[in-house]
Amino acid sequence: MKKPVSMLGAALITAGLLAAPMAMAGSQGAQQGQAPAQMQQPQPVEPGTLSKQYQDDELRSFLDVNRDMIPVIKKLSSQNVSDQEQARSMMQEFQSKTEDSLKQHDLSVQQYQKIGTDASRDKALEKRLINMDPELYKQLQAMQSQARQQPAQ
């Protein structure tokens, strides 16, 4: 059996993709010219420690956002980027769809990122998410596996 980290890896990739541009948009350009901070490897905690902080409906919203973003990520990752303007346009499309999904599921960017980060730190939370939607886990696992197989451009 593959490690459950695969699901959260894909979710954190989504979080990472949406975090920097949305955080920068939220600051309304206050820090223009500065690169976003590098994501650090979260430190594990005792299983169950962080899981207790979340209600099932909040975790379902997290999973729903991930489910909503799968077709967007697949579409955008299948396109060849020919120039910087096209890349910017694709990122704006991703941002817009992500913002819509977060609003629809009543989550902020910070909540979404916190759940993803906490799930990578707390194996009980990670398992809880996987058990809530095993099909989504399989989809995210397949996407992550496919991404690893694609050559770097």
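**Figure 1. Lys 114 and Asp 118 pair up along helix α4.** Lys 114 counts as partly exposed because its relative accessibility is 39% (buried is under 20% relative accessible area, exposed is over 50%, and partly exposed is in between, with a 1.4 Å probe and protein chains only). Asp 118, at just 4% relative accessibility, counts as buried. The two form a salt bridge whose closest N and O atoms are 2.9 Å apart; the term asks for a side-chain nitrogen of Lys or Arg within 4 Å of a carboxyl oxygen of Asp or Glu. Both sit in helix α4 (residues 109–121), four residues apart, or about one turn of the helix. Helices here are DSSP runs of H or I with at least four residues, strands are E runs of at least two, and numbering starts at the N terminus.

A quick word on what is shown: this is a predicted model, where local features need pLDDT of at least 70, side-chain atom pairs count only at pLDDT 80 or more, and totals for chains, interfaces and linings use all residues. Residues are numbered from 1 along each chain as its sequence is written, and side-chain values use heavy atoms, with hydrogens and water left out.

**Figure 2. The loop between α1 and α2 holds Leu 50 and Ser 51**. Leu 50 is in the loop that links α1 (5–26) to α2, and at 8% relative accessibility it counts as buried. Leaving aside residues up to four places away in sequence, Leu 50 touches Val 45, Asp 118, Arg 121 and Asp 122 (contact means heavy atoms within 4.5 Å). The C-alpha atoms of Leu 50 and Asp 118 are separated by 6.5 Å, though the two residues are 68 apart along the chain. Ser 51 is in that loop too and counts as buried, with 9% relative accessibility. With residues up to four places away again left out, its contacts are Asp 122, Ala 124, Leu 125 and Arg 128.

**Figure 3. Helix α2 bends at Met 69**. The bend is about 35°, and a proline, Pro 71, follows within four residues; the angle is taken between axes fitted to the seven residues ending at a position and the seven starting there. How far apart are the end C-alpha atoms of α2? They are 33 Å apart, which agrees with the 33 Å that its 23 residues (56–78) should span at 1.5 Å a residue, where the expected span is 1.5 Å times one less than the number of residues. Buried residues of α2 include Leu 59, Phe 62, Val 65, Met 69, Ile 73 and Leu 76.

**Figure 4. Arg 67 and Asp 64 meet in a salt bridge**. Their closest N and O atoms are 2.6 Å apart. Being three residues apart in helix α2, they are separated by about one helical turn. Arg 67 is partly exposed at 34% relative accessibility, and Asp 64 is partly exposed as well, at 21%.

**Figure 5. Helix α3 carries a salt bridge between Arg 88 and Glu 85**. The N to O distance is 3.5 Å. The partners lie three residues apart in α3 (residues 84–104), about one helical turn. Arg 88 is partly exposed at 42% relative accessibility, and so is Glu 85, with a relative accessible area of 49%.

**Figure 6. Stepping back, the chain has six helices and zero strands**. Buried residues make up 35% of its 153 residues. Among contacts with a separation of 6 or more, 84% come from residues 24 or more positions apart. The structure holds eight salt bridges.
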